[in-house]
Protein chains: 2
Amino acid sequence: MSVNYATPSPESLFPIDGIQLGSAEAAIRKPGRKDLTLITLEPGASVAGVFTQNRFCAAPVLVCQDHLNAGNSIRALVINTGNANAGTGESGRRAALTTCEAVAGLLGITPGQVLPFSTGVILEPLPVDRLTAALPCCVNDLKADNWHAAAHAIMTTDTLAKAASRRISIQGKEVTITGISKGAGMIRPNMATMLGFVATDAAIHKTLLDRLVREAADESFNCITVDGDTSTNDSFVVMASGKSEAVFADIDAEGYRDLRQAVIDVAVELAQAIVRDGEGATKFITLAVEGGKERDECKRVGYAIGQSPLVKTAFFASDPNLGRILAAIGYAGISGLDVDNVRVWLAACGEEILIAEKGGRADAYREEDGARLMKSPEITVRVDLGRGLAAGKIYSCDFSYDYVKINADYRS
Amino acid sequence: MSVNYATPSPESLFPIDGIQLGSAEAAIRKPGRKDLTLITLEPGASVAGVFTQNRFCAAPVLVCQDHLNAGNSIRALVINTGNANAGTGESGRRAALTTCEAVAGLLGITPGQVLPFSTGVILEPLPVDRLTAALPCCVNDLKADNWHAAAHAIMTTDTLAKAASRRISIQGKEVTITGISKGAGMIRPNMATMLGFVATDAAIHKTLLDRLVREAADESFNCITVDGDTSTNDSFVVMASGKSEAVFADIDAEGYRDLRQAVIDVAVELAQAIVRDGEGATKFITLAVEGGKERDECKRVGYAIGQSPLVKTAFFASDPNLGRILAAIGYAGISGLDVDNVRVWLAACGEEILIAEKGGRADAYREEDGARLMKSPEITVRVDLGRGLAAGKIYSCDFSYDYVKINADYRS
C-alpha cells in the first residue's frame, strides 16, 4: 500500500542517450525475481554521488567513494538487492571489488570504472558467485529504455517501483532527466538515501555535477524520514551522459538554473515516493517549518515532529492529539526557542487551520476541524518558529500496525 | 502487560516519618478513579527537583521551578493525572497557581510552599474547579502509609503502579527511602522523567540534596527510553523529611556514600519499572555501552540502539537481525568512531555471545544462538566502542503492535 503514488508507465520514462540498463535474476536472497541491475555509460559521461554518513557504512559505499575520489571515468554501475553487503568487514570489501572486476571483464573496462551498490539484509555475506554468474544476463539485457524494469529490479520491501522523468528545453536544446529510487524502511538519510539514481543527457562539468548532487540530495533525499533509522547503504548518484548538445561548465552557464531545478524536481519526486511507500504508511505528511534562524533548525524541528512515534501513531488514528506535535517541537533542541512566538497550522485538502499560538491552543481551534483534516491521506503541519526568515521541509508518513508487522516479519 | 515487574505490596513500602499522602477522585478526565494526590511535609524538610528540558514544558513545571528557585520551604506537593496542563499558555499557569492557593488555604501555608504536578493529555485546559473541589478529600485521606495508594493514583497509561522502598542503617541510625513513579509512553527523559517522587527521613542539607537529585536522575530516569519522545511534564523530586537522626551536611558526611547509593537504587528501580511497563512492551532491553571516550557518547550509542524502531521491532519478533544494531551504532553521531574496533555482544539468561567485531559478524557467531537469546524477556546488548574507558547504560523495551494500538487509541 502506498499513499497517492503509482509507478509511472514505461513509456513516460524517457531513455537517456548514452546510458543503458539491464537486469537479471541472480537469486541473491531468493530465486524467482530480478535482483541484479547493470547500468552502463558511454565514454565521456560525468558521475557524482553522495553517500551515507553511517559509520558502519557498507563495503560497496566505501568502494564507490574510492573509485569516485580517484577521479576515474565511471563507465558502469552494478546494483544488487537482497543483501546490503554491510557489517561484512574485509570480506565484504573483497566481494564488492570482485563484483567490479567481473563487470570490468565483461565490458572491457577497468574495475576502478565500476561503482557497486547493494541493498537488503545487513550482516550477511554477499553471495558474490551467484551475483557474478548472473552478470552476463544483465549485459545481454542492456537497453536504453529499461528504466522501468530497473526500477523494479532494485526494490526490497518497496511495494511499488519508483521512477521519475522530465524533458525540458535549455540553450535551445532538448535535455532529458530520468531517475529511479528504492527504499521503504531504514529511511532517515544523512547526505543521501537508500539508492537513488538520476541521469541526464546534458553535459555537466564534474565539479558542477559534484555540487549539483549535494544540492539535489539536500532538497530531496535529505528531507525524508520513515523510521528515523539512517541506513548503512544510502547512495544517491547523478549521471550526465553529455549526449545532448546542452553543455554546463559552471553555475553561470545559460539555463543551468532550469536544469538544476529539473534535477531537483526529479530527486524530490523520487524521495517523496519513498515516503509515500514507507513501510505501513497510510498517510503522507509534510512538515513545513518556517521562521527559523537557519534552515538546519527548521529541518531539525521537522524531523522531531516527523519521527515522533506518538505523532505518527496519532496521524495513523486520525486523532488530532496536537499536544504531541508541540511536545516534539519543544524537545527538538532549538536553543532559546520562545514557545510564545510559535504558531502551528494543520492543512489538508486546500484548507488550513491555526491550531496553536502563544504557548497553547488557538482560541478559534475546534477539535472537530482538526479531526476532519487528520482524515486526509495528505496532511501538512506548518510551523512558524517566529525567530527568523529561514525555512525547511521534511516529508514523513504515519506509523501503523503494518510497520510493526513488516519489520517483525522481514527476514524471519 | 509488563516485563518482569509487579507492584510491591503495601506492607513492603515503608512510610517516611514526617511525610503523609492522600488521594481522591476529582474526575479530571473521567469519573470513577483516584486522580488527585496530595503529599505533605512537616516543617524542616528539604526538597529538590529536576525537570524536563522540553521548551514546551508544562505550566506546573514552571511553577515548581519558581517555587524551588525562590528558596521556599516546601510543605506540599499536589499531583493530578488525566491532564498535563501543558500547551495551555498563560491560563494554564493561572490554573497551576490556583491549585497551589487552594492547597495552601487548606493546610495553612503559603502558595509558594506548594509544588504542583500534572500528567495526562497535552493542549487541553485543566479543569481546575473539579481539582480544587476534591482537595479536601485528599486532606482527609492523609496518612504516612499511603504510598501504595498514591502510586496507583498518579497512573495514566501505566498498567501497573510503580514504587520502591529501602531501609538501611547509616551513622548507627535507621534511614528509610521510599519512592513512586509513573509513565509508560512519551518516555525519553532529558534531566528527569514523567513524575518520580522519592522521599527519605534522613536530614540532607539543601545544597547536597540538589546535587543528589541530579546525580540520581542521571543514573536512572535519564537512562531510559520507551519511544524517544521527551515529555513536557517530566519531573523528579527527592524529599528529605529530616525525621531520622541521620544528618548529611555535605558529601563527606559519614555514610553519605551508602545513602546516595540507596537513593540511586530506588530511583533506578522506579525508572526501570517505567520501561518494564512501557506501552506495549514485551521485553526489557539493557544497552550497556563501554569503551567510550566519555559517558555521554556511551549513552548516545545506547539511545540510538534503544530508540531505533527497526531494532525494537526485531526484538519484539525475537529476530536476531543484528545488522540493525550495527546500523544504529553507526548513525549515533560518534565522530571518528573506528568500526573495526567495535565489538557487540548479546546476553540473556546468564549467557553472553559475541556477535560482531572487526566491522562485521563474529566468526563464531551462529544465528541459532542469537535467536535463542532474543527469545528472553530480559536481554542485554553490550557494546565496546574500543576507544576509551567510559561507560553508560540505557534501559529500553521492544516495539509491538500494542504500542501502535495504545497510541492510536489513547484519547480517542
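## Helices α7 and α9 in chain A

Let us start inside chain A, where helix α7 (residues 295–307) and helix α9 (residues 323–330) have axes that come within 8 Å and cross at roughly 135 degrees. Helices here are DSSP runs of H or I with at least four residues, strands are runs of E with at least two, and both are numbered from the N terminus. Axes are lines fitted to C-alpha atoms, for helices over the stretch in contact, with angles from 0 to 180 degrees between N-to-C directions. α7(A) and α9(A) are therefore oblique to each other (under 35 degrees counts as roughly parallel, over 145 as roughly antiparallel, 65 to 115 as roughly perpendicular, and the rest as oblique). Their crossing is right-handed, meaning that the near helix is turned clockwise from the far one by less than a right angle, while anticlockwise would be left-handed.

Which residues of α7(A) and α9(A) meet? V301(A), A304(A) and I305(A) come from α7(A), and I325(A), A328(A) and I329(A) from α9(A); contact requires C-beta atoms, placed from the backbone, within 7 Å. This contact has six nonpolar residues, no polar and no charged ones (Ala, Val, Leu, Ile, Met, Phe, Trp, Tyr, Cys and Pro are nonpolar; Asp, Glu, Lys and Arg are charged; the others, Gly among them, are polar).

## How far to trust the model

This is a predicted model, in which local features need pLDDT of at least 70 and side-chain atom pairs count only at pLDDT 80 or more, whereas totals for chains, interfaces and linings use all residues. Residues are numbered from 1 along each chain as its sequence is written, and chains are lettered from A and ligands numbered from 1 in the order in which they are written.

The mean pLDDT of chain A (the predictor's confidence in each residue, from 0 to 100) is 89, and 97% of its residues reach 70 or more. Among the elements of chain A, helix α11 (residues 401–409) has the lowest mean, 80, and helix α3 (residues 128–140) the highest, 97. The model scores ipTM 0.74 and pTM 0.80.

## Another partner for α9

Helix α8 (residues 309–316) of chain A also packs against α9(A), at an angle of about 155 degrees and with the axes 9 Å apart. The two are therefore roughly antiparallel, and their crossing is left-handed. L310(A), V311(A) and A314(A) of α8(A) make the contact with R324(A), I325(A) and A328(A) of α9(A). By class, that gives five nonpolar, no polar and one charged residues.

## Two chains around an axis

A turn of 180 degrees and a shift of 0.1 Å along the axis lay chain B on chain A with an RMSD of 0.0 Å (a least-squares superposition on C-alpha atoms of residues with pLDDT of at least 70 in both copies). That is the relation of a two-fold axis. In chain B, the C-alpha nearest the axis belongs to Y401(B), 2.8 Å from it.

The contact takes 56 residues from chain B and 56 residues from chain A. On the chain B side, the elements giving two or more residues are α2 (89–107), α8 (309–316), α9 (323–330), β15 (360–361) and α11 (401–409). The largest share, seven residues, comes from α9(B). This side divides into 26 nonpolar, 21 polar and nine charged residues. Of the interface residues of chain B, 100% are also interface residues in chain A, so the copies meet through the same surface.

Methods: Contact = placed C-beta atoms within 7 Å.
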